[in-house]
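Reader: Please show me the complex, and then let us go through its contacts one at a time.

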There are 2 protein chains.
Amino acid sequence: MRTKHEIGTRERIVQATSRLMQRQGCEATGLKQISQEAHATLGSVYHFFPGGKTELTIAAIAYGDREFSEFLRAALERVDDPAEAITACADRLAEELRDSGWLDGCPVTTTALESAGRVPDIQRAAEQAFANWRGLVDDKLRRSGFPEDVARDLAHTVINTLEGAEMSAQVSQSETPLHLAGRHLARLVNSYR
Amino acid sequence: MRTKHEIGTRERIVQATSRLMQRQGCEATGLKQISQEAHATLGSVYHFFPGGKTELTIAAIAYGDREFSEFLRAALERVDDPAEAITACADRLAEELRDSGWLDGCPVTTTALESAGRVPDIQRAAEQAFANWRGLVDDKLRRSGFPEDVARDLAHTVINTLEGAEMSAQVSQSETPLHLAGRHLARLVNSYR
DNA sequence: TAGCGAGTAGAGCGTTCGTTCTAGTAGGGT
DNA sequence: ACCCTACTAGAACGAACGCTCTACTCGCTA
């Protein structure tokens, strides 16, 4: 069935892997569960990902990377002022996290932490994702007139604070950490004007 | 051997669990590996923790909580100015993380994320740990003259930013995220004077 | 219409998981 | 000297793990 490209088996597998690992991490996600969720068979999984779970995990992280990059780019473009845009971004994250029943946190963090120092390929994929997101914030700040070095440093803390706040919000099932992160980051950014 | 309290089997088990889960998360840590690392037997593990892995995980989180609370309290007491104290704290975290070969990140985060929304008891234990750490920062800020509400809000972001930066530093194997977090947090705190 | 190859299907490999179970050892109180 | 309790020891359970394997379906090209 080479031409039956209704949805794409490979894409379905990657998508299911990303969502499952986002919710329960890499280690707790079995290939059997993935194949069921994706309406595919174990044979198909190994057909598309002969490298096994590691290769599949890397593809899932890359998928989450693209997904969040899209979200971040849209959120940053919607508002002109960079500080306000970051606050709006944090609020949107809080809203989406709450609407998912506090289940859908960062699609990369959990897997990244589980693999840090143990599976270099996965660690590198996660590092690349974070770098991409940082780049989007960096761009926004530079186009708003911030000096190169200030923008680069701020981009680090903006992404890392959002990551930490998202994690905290998920664990405490509260929007407060993300709302505070947005307000404080805006104040920090504005202090460099 | 009730009186043979040389080191304490129970304590050794909890300590080993905490360190293993800090490095590879809860799901990737088996009870067999724990008992070997702790120089105990599986029987002993179930003797002290009849609730199984869940009860043991909660104890390990509480242990990590106490451990980091001690670190945080000492770091905050060493320097009088709260902003400088937070910067010093971030730098110390970076140093210790590097010295561990980028292996020893936050002893709670990975397990917390793996269990969020799936194992309520573990999630609550992690939430309590974060609340305790926040309380220490809150205290420091209030005793330095910050208003109640400002201190409470800042404490949230200080802990969450440190958490995010520690995660980022571990994944990218670089001290930069933590150093930047320390500098930016100091600037943010000082902006409220 | 024959055959090639992409993709599906699922049984089964060895291993490890969390957990349970039964025995056995060793101090302290009486 | 006695037993009781605290603790250790490790075999064994069913289930699930990641992964391999062979057989099969079926659209496309020649």
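Reader: Which residues are the closest to DNA strand C?

Author: This is a predicted model, in which local features need pLDDT of at least 70 and side-chain atom pairs count only at pLDDT 80 or more, while totals for chains, interfaces and linings use all residues. Residues are numbered from 1 along each chain as its sequence is written, chains are lettered from A and ligands numbered from 1 in the order in which they are written, and side-chain values use heavy atoms, with hydrogens and water left out. A residue is near a strand if one of its heavy atoms lies within 4 Å of it. DNA strand C is surrounded by 16 residues, and the closest are A:T9, A:S44, B:L31, B:Y46 and B:K53.

Reader: What percentage of the atoms of DNA strand C within 4 Å of the protein belong to sugar or phosphate?

Author: The atoms of DNA strand C within 4 Å of the protein belong either to sugar or phosphate or to bases. The bases hold the rest once sugar and phosphate are counted, and the sugar or phosphate part is 65%.

Reader: At what distance from a phosphate oxygen of DNA strand C does a polar side-chain atom of B:K53 lie?

Author: Such pairs are polar contacts (N or O atoms within 3.5 Å; within protein, one must be able to donate a hydrogen and the other to accept it, and residues adjacent in sequence count only if both atoms are side-chain atoms). B:L31 uses a polar backbone atom, which is 2.9 Å from a phosphate oxygen of DNA strand C, and a polar side-chain atom of A:S44 lies 2.8 Å from a phosphate oxygen of this strand. For the polar side-chain atom of B:K53, the distance to a phosphate oxygen of DNA strand C is 2.8 Å.

Reader: Which element gives the most to the surface near DNA strand C?

Author: Helices are DSSP runs (H or I, at least four residues), numbered from the N terminus. By class, this surface has 4 nonpolar, 9 polar and 3 charged residues, where Ala, Val, Leu, Ile, Met, Phe, Trp, Tyr, Cys and Pro count as nonpolar, Asp, Glu, Lys and Arg as charged, and the others, Gly among them, as polar. With 4 residues, the element that gives the most is helix 3 of chain A.

Reader: What relation links chain A and chain B?

Author: Copies are superposed by least squares on the C-alpha atoms of residues with pLDDT of at least 70 in both. Chain A can be laid on chain B with an RMSD of 0.0 Å by a turn of 180° and a shift of 0.0 Å along the axis. The relation is therefore that of a two-fold axis.

Reader: How are helix 8 of chain A and helix 9 of chain B oriented, roughly parallel or roughly perpendicular?

Author: Axes are lines fitted to C-alpha atoms, for helices over the stretch in contact (heavy atoms within 4.5 Å), and angles run from 0 to 180 degrees between N-to-C directions. Angles under 35 degrees count as roughly parallel, over 145 as roughly antiparallel, 65 to 115 as roughly perpendicular and the rest as oblique. The axes of helix 8 (residues 148–172) of chain A and helix 9 (residues 176–190) of chain B come within 9 Å and cross at roughly 95°. Helix 8 of chain A is therefore, relative to helix 9 of chain B, roughly perpendicular.

Methods
Helices (H or I, at least four residues) and strands (E, at least two) are DSSP runs, numbered from the N terminus.
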